[in-house]
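Visitor: I should like to learn how to read the features of a structural model. Might we proceed from one feature to the next?

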Amino acid sequence: MDLLNKLTQHTALQRLQNQVKVLGNRIADHHVSLAVTGLSKSGKTAFITSLLNQLLNARESADLPFFSVVKQGRLIGVKRDVQPDVTVARFAYEKGLENLTQTPPVWPESTAGVSQVRLLIKYRNQSKLRRLVSEFSTLTLDITDYPGEWLLDLPLLELDYQQWCEQFWQDVHDITKSRLAEPFKQAISGLDIESTPDEMQLQSISTLFSDFLLQCKAHGFQLIQPGRFVLPGELAGAPVLQFFPLTPEQLTSITNQSVFSSKETVVGLLSNRFEQYQKKVIKPFYSKHFKRFDRQIVLVDCLSALNQGAHSFNDLRKAVNWLLGSFHYGKSNILKRLFSPNIDKLMFAASKADHITPAQQHNLVLLLESIVHEARQQIQYEGVVTESTAFSAIRASKSGTAEVNGKTLQVLRGTDLNGKKITLFPGDVPSVCPDDSFWQQQGFQFPAFAPMPLEVGQQTFPHIRLDHVLEFVLGDKME
Ligand code: GDP
């Protein structure tokens, strides 16, 4: 009897212990879905490559003094795991690493679509509650990389084909854009828009339209719509990307409105493809990916825009604010209908801060804040915690001093993309969005730096404030 009692007690105790263990694991193992975006060439690939490089080597050679879990010696180890979504491309970390460690090192290939990577981060708990149930926890971190250009398409959901055409041609009034649009304008001028569509002809005009958008991008314009035409991802060559805007004159010449709803006419087919683009391209991105993100980093390359001149900088401001429209969903019915968002923290990060001297970096943060000011207030109003910073994912310059005309100046030293050693002072960064006088008097100029080779025995890339970024997005999840 005594033995039976003991056995029953033992089993009950074991059950209780198991239940505590299960609960403990539940508290101990948690998950963050971190999204990284920004317009093309804003530095997303370099950022994720460097972040993985730091975390995967964090125990042996971490250079993350501000990341609390590292600073407090609580990081046990980080490993890469199989990503959850097999339909999404794997982030090409190994290839990026190969590029950056070859002789001479080169930058990894830029983001062209959505890609993902999953990390398991094991650490020693600091929080009393967590320590009660387990000494260690594992954070599953999913990082998703996606082009910011795709977020620029959100406002297209509120337009029909005709409204889009009108908006498009208003925007082409800019002299440079108008010149770049010439071949496309000529191609559509002779089109009989009420006739039966010729697929091959529409395809070749769509190519001219894409070329125009790509040319705009190459000339420093940042607000490019539809976003998939410049970064098609897996949709390259698909008919859903084969449409273009007719001119308002062409549209008003139509007397019989029924042609818009007939796919047997050019205008009807274009209008239908525009709707398909809204339904099959824009909306699925939000419902498949966007709504799953918990935390978001938006990279903004203010310095390259300053480098390219007033038109580029002003376009960047507009584009970043359009892009941020996806994060103040309270204002937008379309967004509310598409998903119930989860993002609770958002970081604005001015990238490539190694292109300026340390003394200028505070101004870069202020400049970024002046660009995002309005959108940031609205995003915060939604209950999202935000922060701005300036950082460099992979520092490619060294700062130092030089004597110029008897004066000591802060300068940067590095190697340009042709392998030539350079020393330069790129200019003062304005602390607010610059006005005309800035562009007339001062301007801003720097050549791109090539990545520096790693020193013997060095495993992690030098960076500026990557640890601040990590602390903001993950610090509170690893307590
Ligand atoms: P993505 O299109 O957003 O993925 O942009 P990338 O990460 O490919 O970066 C575009 C280019 O910006 C790179 O090829 C580099 O020339 C440059 N770049 C990115 N990050 C840094 C950085 O931290 N420092 C410097 N000096 N250049 C950078």
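Visitor: How many residues surround the ligand, and which are the closest?

Guide: Please note that this is a predicted model. A residue is counted here if one of its heavy atoms lies within 4 Å of the ligand. In this case 18 residues surround the ligand, and the closest are Lys41, Lys44, Thr45, Ser110 and Asp354.

Visitor: How many residues of each class does the shell around the ligand have?

Guide: The shell comprises eight polar, six nonpolar and four charged residues.

Visitor: Which polar side-chain atoms lie close enough to the ligand to be counted as polar contacts?

Guide: The general idea is to look for pairs of N or O atoms within 3.5 Å. Among them is a polar side-chain atom of Lys44, which lies 2.8 Å from an oxygen atom of the ligand. For Thr111, the distance from a polar side-chain atom to a ligand oxygen is 2.9 Å, and for Trp107 it is 3.4 Å. The ligand taken alone exposes 580 Å², of which the protein buries 92%.

Visitor: Let us turn to the strands. How do strands of a sheet pair?

Guide: They pair through backbone hydrogen bonds, in either a parallel or an antiparallel manner. The parallel case is illustrated by β7 (residues 345–350) and β8 (residues 385–390), which are joined by six bridges. Within this pair, Ala349 stands opposite Thr389 in β8.

Visitor: Which helix belongs to a β-α-β unit with β7 and β8, and is the unit right-handed or left-handed?

Guide: The helix is α16 (residues 361–381), and the unit it makes with β7 and β8 is right-handed.

Visitor: Where should I look for antiparallel pairing?

Guide: Consider the open sheet of three strands, whose order is β9-β10-β11. Strands β9 (397–404) and β11 (421–424) stand at its edges with a single partner strand each, so one side of each has no neighbour in the sheet. From one strand to the next, the twist averages 35 degrees.

Visitor: How many bridges join β9 to β10?

Guide: Eight bridges join these antiparallel strands, and Ala402 stands opposite Leu409 in β10. The two strands form a hairpin with two residues between them. In the turn, Asn405 has a positive phi of about 50 degrees.

Visitor: What is the bridge partner of Arg413 in β11?

Guide: The partner is Thr423. Four bridges join β10 (residues 407–415) to β11, and these strands run antiparallel.

Note on methods. Residues are numbered from 1 along each chain as its sequence is written. This is a predicted model: local features need pLDDT of at least 70, side-chain atom pairs count only at pLDDT 80 or more; totals for chains, interfaces and linings use all residues. Side-chain values use heavy atoms; hydrogens and water are left out. Two strands pair if DSSP finds at least two bridges between them. A crossover is right-handed if, with the strands pointing away from the viewer, the path from the first strand over the helix to the second runs clockwise. Axes are lines fitted to C-alpha atoms, for helices over the stretch in contact, and angles run from 0 to 180 degrees between N-to-C directions. A polar contact is a pair of N or O atoms within 3.5 Å; within protein, one must be able to donate a hydrogen and the other to accept it, and residues adjacent in sequence count only if both atoms are side-chain atoms. Accessible areas come from the Shrake-Rupley method with a 1.4 Å probe; for residues, only the protein chains shown count as cover. Ala, Val, Leu, Ile, Met, Phe, Trp, Tyr, Cys and Pro count as nonpolar, Asp, Glu, Lys and Arg as charged, and the others, Gly among them, as polar.
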